[in-house]
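I opened a new page for this one and wrote down what I looked up, in the order I got to it.

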Amino acid sequence: MDKMNENMVIPEHVAIILDGNGRWAKKRGLPRSMGHKEGCVTVEKTVEDAARLGIKFLTVYGFSTENWKRTSDEVGALMQLFRYYMVRLLKVAKANNVRVKMIGDRNRFDQDIIEGISKLVEQTKNNTGLTFVIAVNYGGRDEIVRAARKIMMDTAEGKLLPEDMTEEIFASYLDTEGIPDPDLLIRTSGELRLSNYLLWQLAYTELYVTDCYWPDFNMEEMKKAIAAYNSRERRFGGVK
């Protein structure tokens, strides 16, 4: 582990909203696509940093269900970047014993991207280090609606009875089945909203917002977030 206060508790699961790529580029007089490209470099570094710190699960918001509303040029550039990045990520994952998972509805992507996602997940499934979860074409409300649809189908087929429903059973229908809820959510660029991200899973997550744009995020910023996390008293609705 990199040098850190030895009494610090490392959160098991860190989720990140990677915000500020476009503003980072604009500030430098660059096209937004350059901000997204630099943001991908930061993702790679953050995966390596998280693994070194002993974080077990890292989830990042890569592409939301709402991002399709952006200009066709920007969406096209993001898709091309995603194609390139999946190849890079496979190398990073293998070098760092990282298991990659994808959450979200991948059916809207072109077939080659769907196949690339499947290959990335399949070839890293036996890695035993950090689990890196990428939310692509993901929205919290969409995830809950898709889960409800599956529950209704199972109920109609007699596989599930209404009285059987519990929080645990409902969670098993979500994209994040088998993944613990995030302990810490980091949002870069200073925005104070969840942006339809992990709405079920963030019920008792500690929130940390930094003004740092995503491409500038680094190990020091991660340590600041973990230090803030350690200053919180997590009560989960109870009293200590």
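**Second largest pocket.** I began with its lining, which divides into 3 nonpolar, 2 polar and 6 charged residues. The model is a predicted one, so I keep that in mind for every entry here. The space in this second largest pocket comes to about 220 Å³. I noted who lines the pocket: Lys101, Met102, Ile103, Gly104, Asp105, Arg106, Asn107, Val121, Arg146, Asp175 and Glu177. Which element gives the largest share of that lining? S3 does, with 3 residues.

**From S3 to S4.** I followed S3, residues 99-103, to its partner: S3 and S4 pair in the parallel sense over 5 bridges. I found Lys101, which I had already listed in the pocket lining, standing opposite Val133 in S4. Together, S3, helix H4 (residues 111-124) and S4 make a β-α-β unit, and I wrote down that the unit is left-handed.

**S4 itself.** Is S4 buried or exposed? I got 8 of the 8 residues buried for residues 131-138, so the strand is largely enclosed by the rest of the structure. S4 also has S2 (residues 57-64) as a partner, with 7 bridges joining the two parallel strands. One pair I marked there is Phe63 of S2 with Val136 of S4.

**Largest pocket.** Next I looked up the largest pocket, with a volume of about 770 Å³. It is lined by 34 residues, and the closest to its centre are Leu18, Tyr61, Gly62, Phe63 and Asn67. So Phe63 turned up again, having been paired with Val136 a moment ago. By class I have 17 nonpolar, 9 polar and 8 charged residues in this lining. H1, H2 (32-53), S2, H3 (72-95) and S4 each supply at least two of the lining residues.

**The cavity.** How many cavities of 30 Å³ or more are there? I counted 1, and its volume is about 40 Å³. His13, Thr59, Val133, Thr176, Ile179, Pro180, Asp181, Pro182, Leu198 and Gln201 line the cavity. I recognised Val133 as the residue opposite Lys101. The cavity lining has 5 nonpolar, 4 polar and 1 charged residues.

**Asn21.** Last, I checked a single residue, Asn21, which sits in helix H1 (residues 21-27). Its relative accessible area is 11%, so I put Asn21 down as buried. Leaving out residues up to four places away in sequence, I have Asn21 touching Gly35, His36, Gly39, Trp214 and Pro215.

Methods
Residues are numbered from 1 along each chain as its sequence is written. This is a predicted model: local features need pLDDT of at least 70, side-chain atom pairs count only at pLDDT 80 or more; totals for chains, interfaces and linings use all residues. Side-chain values use heavy atoms; hydrogens and water are left out. Buried means under 20% relative accessible area, exposed over 50%, partly exposed in between (1.4 Å probe, protein chains only). Helices (H or I, at least four residues) and strands (E, at least two) are DSSP runs, numbered from the N terminus. Two strands pair if DSSP finds at least two bridges between them. A crossover is right-handed if, with the strands pointing away from the viewer, the path from the first strand over the helix to the second runs clockwise. On a 1 Å grid over the protein atoms alone, a cavity is a set of points where a 1.4 Å probe fits but cannot get out, and a pocket is an open set with protein on both sides within 12 Å along at least five of seven lines; lining residues have an atom within 4 Å of a point. Grid points are joined across faces, edges and corners, and a volume is the space filled by probe spheres set on the points. Ala, Val, Leu, Ile, Met, Phe, Trp, Tyr, Cys and Pro count as nonpolar, Asp, Glu, Lys and Arg as charged, and the others, Gly among them, as polar. Contact means heavy atoms within 4.5 Å.
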